[in-house]
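Okay, everyone, thanks for coming. I've got one structure to walk you through today, so let me put it up on the screen.

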Amino acid sequence: MITLHPKINLEIFMMQITIIGFGNQAKSWALNLRDSNFKVTVALRKNSSSIKGVTDLGFSIQYLEEKLQGDYFCLLTPDHTHQDFFKSFKSSLPDQAKVIYAHGYSVLTHKLEKLYPDFTHLLLAPKSIGSELRAQFESGGDLGGVYSVEYSSAPELDTKAILEISKGLGLNLGPYKATFEHETRADLFSEQGILCSMIPYMASEMYDQLIAKGIEPELAYFECWYELKLIVKTMVDIGPQKFFDLISPNALIGSEKGFQKLVTPDLKAKLRDLYTEIENNQFDTEIKNTNLEVLRKTISSRWANSGLMKAHQLVQKESK
Ligand SMILES: NC(=O)c1ccc[n+]([C@@H]2O[C@H](COP(=O)([O-])OP(=O)(O)OC[C@H]3O[C@@H](n4cnc5c(N)ncnc54)[C@H](OP(=O)(O)O)[C@@H]3O)[C@@H](O)[C@H]2O)c1
């Protein structure tokens with residue numbers, strides 16, 4: 001038996017979307033959905049530093065401290081703030097509000113669906129950083145994502161709405177059905193194993209080695225960093241097999257050598273460890289024990305002092 005949310009009718013495009021927060025994802029969600037003819041408002045704290053930016057872009061604001069209106073509420077504040085959001089602003093949401101998350105982490109970790117069973121917890125996770133969500137929307141590029149309605153009491157209606165919202169965001173690959181758990185684990189694993197670790201840190205290590213051997217910084221920068229965006233785009237556009245069919249003989253032989261030397265049983269075991277530590281919640285404990293501000297400053301200063309960053313600044317300055 002499907003219960004219709006009182007404010008939802010068959011005119012799915014009349015849905016009012018309330019975007020909570022105005023950071024990386026939220027800004028792109030708000031702009032894309034408005035450009036796709038959804039009725040969009042932005043909800044912020046009364047002391048938010050984003051108020052001017054939101055009004056300058058012509059959005060109307062709702063305040064989290066007051067009664068909120070909307071059919072779907074996209075909770076686009078950082079994951080570690082979601083629990084506090086409910087503690088502070090639960091009573092501002094309408095009864096049985098439908099909340100959409102861009103990542104499953106907070107629901108999975110804090111069991112928000114159990115703590116706040118009166119609300120519907122939905123997932124629509126674009127697989128893109130916020131700035132690219134907007135850029136790809138504007139250029140008509142590819143955007144993928146996944147969704148889940150596993151905690152919905154009206155899954156058909158919510159699926160229909162989620163798919164429309166996804167289209168409005170510009171997603172054209174999927175969105176594929178997943179679960180909060182799978183989306184969270186896969187996302188954390190890809191960040192830890194490749195996207196936010198191996199790619200930047202391997203590039204930096206290799207840059208430093210080239211510099212130590214007397215290679216010019218601009219050349220080392222092109223080889224280790226700049227070319228990444230072109231080669232990764234090609235890999236994704238044409239797929240791994242065609243990519244390896246196309247690369248030059250030297251690149252092919254070198255690739256095999258690097259693969260044999262670097263992708264060792266030890267690396268595979270370390271990747272398995274990363275996943276296990278996500279699965280057994282060790283990583284959650286590490287998150288809880290981390291001072292985020294201190295870590296962000298430490299990592300920011302590590303990169304500010306890196307040779308790769310200096311080369312980046314040099315080349316970018318010369319390209320202007
Ligand atoms: N970053 C990405 O590109 C990316 C990629 C994929 C998925 N996601 C997901 O998208 C969601 C948002 O992440 P994000 O990186 O876009 O966040 P973000 O940029 O850090 O969000 C900042 C916004 O959140 C508001 N905010 C912060 N703490 C708050 C609180 N306690 N109560 C109310 N509002 C609060 C801020 O309000 P003020 O204006 O008052 O400062 C600001 O408007 C997360 O679930 C994340 O996992 C992000």
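Right, so the protein chain splits into two pieces: domain 1, which runs over 12–179, and domain 2, over 197–319. Take the C-alpha centres of domain 1 and domain 2, and they sit 31 Å apart. Before I go on, please keep in mind that this is a predicted model.

Now the overall picture. If you go through the protein chain, you'll count 16 helices and eight strands. Line the chain up along its principal axes and the C-alpha atoms fill a box of roughly 65 × 45 × 40 Å. Of the 320 residues in there, 28% are buried. And how much of the contact map comes from residues 24 or more positions apart? Looking at contacts with a separation of 6 or more, those pairs account for 66%.

Okay, on to the bit you've probably been waiting for, the ligand. There are 23 residues around the ligand, and the ones that come nearest are Gly21, Gly23, Ser48, Ser50 and His103. What's the mix in that shell, by class? We've got 11 polar residues, nine nonpolar and three charged.

So which helices feed into the shell? Helix 1, that's 24–35, and helix 3, 82–89, each put in at least two residues. Helix 1 is the top contributor, with three residues in the shell around the ligand.

That's my tour. Happy to spin the model around if anyone wants another look.

Methods. Residues are numbered from 1 along each chain as its sequence is written. This is a predicted model: local features need pLDDT of at least 70, side-chain atom pairs count only at pLDDT 80 or more; totals for chains, interfaces and linings use all residues. Helices (H or I, at least four residues) and strands (E, at least two) are DSSP runs, numbered from the N terminus. A residue is buried if 20 or more other C-beta atoms lie within 10 Å of its own, exposed if 12 or fewer, and partly exposed in between; C-beta atoms are placed from the backbone. Two residues are in contact if their C-beta atoms, placed from the backbone, lie within 7 Å. A residue is near a molecule or strand if its C-beta atom, placed from the backbone, lies within 6 Å of it. Ala, Val, Leu, Ile, Met, Phe, Trp, Tyr, Cys and Pro count as nonpolar, Asp, Glu, Lys and Arg as charged, and the others, Gly among them, as polar. Domain bounds come from an automatic or database domain assignment.
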